[in-house]
Amino acid sequence: MAAGTLYTYAENWRAYKAQIAAQYSGARLKVASSPPAFTFGQTNRSPAFLNNFPLGKVPAYQGDDGFCLFESNAIAHYLSNDALRGSTPQASAQVLQWVSFADSEIIPPASAWVFPTLGIMQFNKQATEQAKEEVKRVLTVLNQHLNTRTFLVGERVSLADIAVACSLLWLYKQVLEPAFRQPYPNVNRWFVTCINQPQFKAILGEVKLCEKMAQFDAKKFAESQPKKEAPAKKEKGGKDAGKPQQQQEKKEKKKEEKKPAPAAEEMDECEAALASEPKTKDPFAHLPKSSFILDEFKRKYSNEDTLSVALPYFWENLDREGYSIWYGEYRFPDELAMTFMSCNLITGMFQRLDKLRKNAFASVILFGTNNASSISGIWVFRGQELAFPLSEDWQIDYESYNWRKLDVESEECKTMVKEYFAWEGEFKHVGKPFNQGKIFK
Amino acid sequence: MALRELSSLEKCLGLKKPNKYSTQGERKVPVLQNNNGPAVVGLVTIASSLVRDAKKTELLGNTAEQRAVVQQWLEYRVTRLDSCTKDEVKVILKELNHYLEDKVYLAGNSFTLADVLMYYGIHYIIMELAVQEKEKYLNVTRWFDHIQHYPGVRHHLPPVVVLRNRVYPSGQH
């Protein structure tokens with residue numbers, strides 16, 4: 001089964017396709033969406049990245065075996081199983097049909113309509129109205145098809161459902177208010193069912209359907225634009241300067257209005273802007289600065305030998321006041337069945353904790369075999385308290401674990417850190433053999 | 001009838017050892033005699049206990065709300081569907097058709113015991129529907145087709161052919 005890393009910026013609907021497919025197939029997918037593993041605009045412009053992925057675009061996939069892929073549909077296809085791809089020639093062709101339909105019929109009007117509401121593209125009334133009509137046409141086609149069908153192809157969820165649902169995600173979140181979507185009950189039924197499947201939910205979280213159609217966000221748009229004119233304005237000042245500037249603005253506006261429906265290349269610029277949206281406030285802001293540079297340790301851990309380099313570095317540099325070490329053990333080991341599902345449980349938790357990555361490191365291990373397994377891990381957090389209560393986003397999983405703060409100086413702590421970080425050792429407290437480990441970094 | 005249904009349910013749940021059932025009373029209520037403890041009486045009670053035996057309690061619902069809706073449809077099955085007259089069939093189909101307009105499964109967003117038992121119970125009705133009627137109750141037909149294709153569900157029952165392309169497109173929707 002496929003195992004590898006997906007490079008993307010956070011909350012990228014194109015990457016979601018691959019992530020959801022992996023949830024279904026059990027493919028082991030690490031997601032690199034935040035520093036140090038991946039910094040959008042830097043990592044993907046680096047020579048090493050471009051060597052593997054000449055377009056420098058994300059999502060991009062690199063297998064543990066070195067196999068590289070770009071284009072989100074190809075990645076999702078690769079990470080799927082036969083059931084998702086369609087197991088007969090007919091079914092797989094139909095899946096391909098709907099995946100292409102999403103790309104060529106849904107995405108262009110969806111982007112033209114939604115992007116201005118997110119403030120990442122200039123608003124153009126004509127373009128938006130045209131896009132609305134296009135979206136109606138597409139929804140009508142889907143509604144007709146889903147009239148007699150539960151899912152798009154066959155009687156199971158397939159890659160077709162994943163691709164089409166993901167391409168409709170922003171529409172349903174931003175602009176398809178109840179009155180607008182009401183004429184398409186079959187599409188609504190199908191979409192709600194899809195996003196509530198556990199495999200979708202693990203990646204998308206709770207999706208809230210639009211209640212009121214979002215309008216153009218002029219303020220956000222202005223903020224996201226490169227500030228070329230601002231300094232010029234200050235220098236000029238006075239009344240005289242106002243006039244030419246206005247004219248200039250008008251000209252620019254005209255230019256923009258003349259533009260036909262935005263081309264694919266621009267969409268990606270828009271998405272780039274979306275990805276660099278201002279981040280919400282840091283839940284660890286109340287803590288004093290720490291001397292321990294977690295990223296440096298993570299680099300050591302990723303690139304160099306754990307026992308001889310990373311661990312000594314960790315103990316030498318760990319700031320005992322600024323960080324704490326915790327042991328977390330899954331409370332319901334009896335409910336763990338197949339190991340790949342248990343792994344999804346761990347990686348799902350990691351994904352939901354995405355914004356904690358900057359301030360935490362963890363190694364979580366699945367022990368045992370199918371129907372006789374347990375999950376436990378060692379977590380290093382900023383601060384002396386358990387980090388999860390600090391943000392609402394982090395509270396989904398942590399109550400399913402028993403948490404115990406370890407005495408940093410104790411032998412027990414030293415042993416556990418060593419065994420968990422190195423993925424080898426006796427693991428005396430567990431009593432089951434090591435199955436596989438996952439690193440949160 | 002109920003006994004074949006229970007043995008199909010056992011297979012559907014992956015229970016290896018078949019149970020022995022008897023019936024009691026005029027209406028042939030199924031009875032499951034356990035080796036230890038009192039007998040379990042009634043279709044819904046037995047079905048629920050089989051689900052627990054098979055450790056597939058998610059089929060009884062994952063949340064309190066979903067569990068309640070599952071129970072509601074199990075009750076509907078024995079109190080309404082099983083005792084309905086010919087005239088009532090149409091009312092039931094109409095009710096179900098309306099209910100399923102915005103739903104894929106009877107309870108919540110996943111397959112539950114309610115889908116299985118309602119499928120078993122309504123099968124003879126759907127079997128006898130003409131193509132035109134199947135189109136009239138389109139949402140029921142779509143649900144029915146999905147459930148009969150659900151892995152391991154359709155054991156003792158013959159498949160019902162469902163047309164995907166509508167023959168009488170002038171109907172509702």
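How many salt bridges are there between chain B and chain A? In this predicted model, the count between chain B and chain A is 0 salt bridges, and the sections below set that result beside the other features of the contact and of each chain.

## The interface between the chains

Putting chain B and chain A together buries about 1600 Å², and carbon and sulfur atoms give 50% of that area. On the chain B side, Asn109(B), Arg142(B) and Arg164(B) lose the most area to chain A, together accounting for 41% of what that side buries. The contact draws 19 residues from chain B and 15 residues from chain A.

Although no salt bridge is counted between chain B and chain A, the interface does hold 4 residue pairs in polar contact, with both residues of each pair at pLDDT 80 or more.

## Chain A as a whole

Chain A is built from 18 helices and 9 strands, and of its 441 residues, 50% count as buried. Its exposed surface comes to about 22200 Å², with carbon and sulfur atoms supplying 52% of it. When contacts in chain A between residues at least 6 apart in sequence are considered, 73% of them join residues at least 24 apart.

## Helix α16 of chain A

Which residues of helix α16 of chain A are buried? In this helix, which spans residues 306-317, the buried residues are Thr306(A), Ala310(A), Leu311(A), Tyr313(A), Phe314(A) and Trp315(A). Their cover includes two helices of chain A, α15 (294-303) and α18 (411-422), as well as the strands β5 (323-330) and β7 (372-382) of that chain.

At the start of α16(A), a side-chain oxygen of Asp305(A) comes to within 3.4 Å of the backbone nitrogen of Leu307(A).

## Tyr78(A) and its surroundings

Tyr78(A) belongs to helix α3 of chain A, which covers residues 72-79. Is Tyr78(A) buried, partly exposed or exposed? With a relative accessible area of 29%, Tyr78(A) is partly exposed, because this value falls between the 20% limit for buried residues and the 50% limit for exposed ones.

Leaving aside residues up to four places away in sequence, Tyr78(A) touches Ala2(A), Tyr61(A), Phe67(A), Leu69(A) and Arg85(A). The C-alpha atoms of Tyr78(A) and Ala27(A) are separated by 9.5 Å, while the two residues stand 51 residues apart along the chain.

## Cysteines and disulfides

A disulfide is a covalent bond between the sulfur atoms of two cysteines. Over all chains of this model, the count comes to 0 disulfides. Two cysteines of chain A can be described by their accessibility: Cys343(A) has a relative accessibility of 5% and therefore counts as buried, and Cys413(A), with a relative accessible area of 0%, is buried as well.

## Chain B as a whole

Chain B has 7 helices and 3 strands, and its elements, read from the N terminus on, follow the order α-β-β-β-α-α-α-α-α-α. In this chain of 173 residues, buried residues make up 46%.

The exposed area of chain B is about 9400 Å², of which carbon and sulfur atoms supply 52%. Among the contacts in chain B with a separation of 6 or more, residues 24 or more positions apart account for 64%.

Terms used. Residues are numbered from 1 along each chain as its sequence is written. Chains are lettered from A and ligands numbered from 1 in the order in which they are written. This is a predicted model: local features need pLDDT of at least 70, side-chain atom pairs count only at pLDDT 80 or more; totals for chains, interfaces and linings use all residues. Side-chain values use heavy atoms; hydrogens and water are left out. A disulfide is a pair of cysteine sulfur atoms within 2.5 Å. Buried means under 20% relative accessible area, exposed over 50%, partly exposed in between (1.4 Å probe, protein chains only). Helices (H or I, at least four residues) and strands (E, at least two) are DSSP runs, numbered from the N terminus. Contact means heavy atoms within 4.5 Å. Accessible areas come from the Shrake-Rupley method with a 1.4 Å probe; for residues, only the protein chains shown count as cover. Buried area is the accessible area (1.4 Å probe) that two parts lose on being put together, summed over both. A salt bridge is a side-chain nitrogen of Lys or Arg within 4 Å of a carboxyl oxygen of Asp or Glu. A polar contact is a pair of N or O atoms within 3.5 Å; within protein, one must be able to donate a hydrogen and the other to accept it, and residues adjacent in sequence count only if both atoms are side-chain atoms.
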